[in-house]
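Let's take a walk through this structure together, one region at a time. Have the 3D view ready to turn as you read.

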Amino acid sequence: MQKGIKAGILIVALAVPALIFLFLRGFGENHYKLPKLIPVIDSTTGYIKMKKNLNPKWDEPEMDTVFHTIPDWTLTNEDGKPFTNKQLAGKIYVADFFFTRCTSICPKMSTQLTRVQDTFGQDKDVEFASFTVDPSHDTPEMLREYAKQYDAIPGKWHFLTGTRQQLYPLAVKGYYIPVADASEYDKAVKTPDETFIHSEKLILVDKEGYIRGFYDGTDKKDVDRLMLEIKVLQKIYETEK
């Protein structure tokens with residue numbers, strides 16, 4: 001009887017360290033999370049669309065939410081060349097909507113983006129895309145001059161123009177950012193700042209085109225949060241390799 005008890009104690013003593021090791025290996029790592037935003041609503045049912053999770057992890061459900069992805073677009077960059085969303089595929093990027101004649105929030109947003117660019121200047125997987133809401137004025141030449149004002153790194157920070165018919169729906173339906181031309185309904189507006197209504201938000205987009213965050217581009221603390229969450233997203237991709 002005593003031999004059996006001793007044997008049981010020995011087995012437990014040997015098993016406990018192994019169980020602790022397995023626990024620490026499975027749960028002791030840093031698990032980074034940054035949710036996708038904007039679930040897709042089924043237009044026929046009004047419910048959130050779901051799909052089967054083909055390779056669920058131990059903590060993931062069999063069914064997963066379908067999230068909005070940035071639609072395809074083709075615009076013109078500051079060099080006058082065609083630029084598409086496919087050139088940002090496989091990149092983490094920050095998008096914003098601005099115009100070069102803006103004297104209110106745009107300079108603050110661009111200044112903060114310069115700070116983000118300085119932080120991730122050596123990171124090849126992080127880029128920036130600034131879309132004008134004043135395309136009739138913001139030619140490639142104007143965008144190029146604006147880029148110089150904020151020390152934009154060519155090939156890393158892209159400035160994009162097109163037609164209003166391209167840009168406005170892309171802002172609203174693609175990046176979920178409000179934009180409007182007030183002169184269409186208020187003939188009393190006189191200055192560009194009164195004319196073009198747009199958001200101060202910076203949008204974080206992941207390598208697959210999912211929106212991961214919105215941030216106040218005029219608020220240093222919120223832009224600090226953006227930089228932190230870019231680093232979190234980089235860690236998520238590193239752990240998935």
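A good place to begin is helix H3, where Lys148 and Gln149 are exposed on one side. Keep in mind as we go that this is a predicted model.

Now turn to the other side of H3, which spans residues 140-149. Here the buried residues are Pro140, Leu143, Tyr146 and Ala147. Viewed down the axis of H3, these buried residues fall within an arc of 120 degrees, so they line one face of the helix. The spacing fits a familiar rule: an α-helix has 3.6 residues a turn, so residues three or four places apart point the same way.

What do the buried residues of H3 pack against? Their partners are two strands earlier in the numbering, E3 (74-77) and E5 (92-98), together with helix H2 (106-119) and strand E7 (157-161). Just after H3, have a look at Asp151, which takes a positive phi of about 55 degrees.

From here, let's move to the largest nonpolar core, a set of 55 residues. Within this core, Trp73, Phe131, Tyr175, Leu204 and Ile230 touch the most other members. The element that gives the most to the core is helix H6 (residues 220-240), with eight residues.

Finally, come out to the surface, where Ile41, Ile48, Met50 and Met63 form a nonpolar patch. Together they have about 370 Å² of accessible area. One of them, Ile41, sits in the loop between helix H1 (2-27) and strand E1 (50-52). Ile41 counts as partly exposed because its relative accessible area is 48%, and exposed means over 50%.

Key: Residues are numbered from 1 along each chain as its sequence is written. This is a predicted model: local features need pLDDT of at least 70, side-chain atom pairs count only at pLDDT 80 or more; totals for chains, interfaces and linings use all residues. Side-chain values use heavy atoms; hydrogens and water are left out. Patches are made of residues with over 30% relative accessible area and no salt bridge: like charges are joined within 9 Å, nonpolar side chains (Val, Leu, Ile, Met, Phe, Trp, Tyr) within 5 Å. Accessible areas come from the Shrake-Rupley method with a 1.4 Å probe; for residues, only the protein chains shown count as cover. A salt bridge is a side-chain nitrogen of Lys or Arg within 4 Å of a carboxyl oxygen of Asp or Glu. Helices (H or I, at least four residues) and strands (E, at least two) are DSSP runs, numbered from the N terminus. Buried means under 20% relative accessible area, exposed over 50%, partly exposed in between (1.4 Å probe, protein chains only). A nonpolar core is a set of buried Ala, Val, Leu, Ile, Met, Phe, Trp, Tyr and Cys residues joined through side-chain atoms within 4.5 Å. The arc is that of the directions from the helix axis to the C-beta atoms. Contact means heavy atoms within 4.5 Å.
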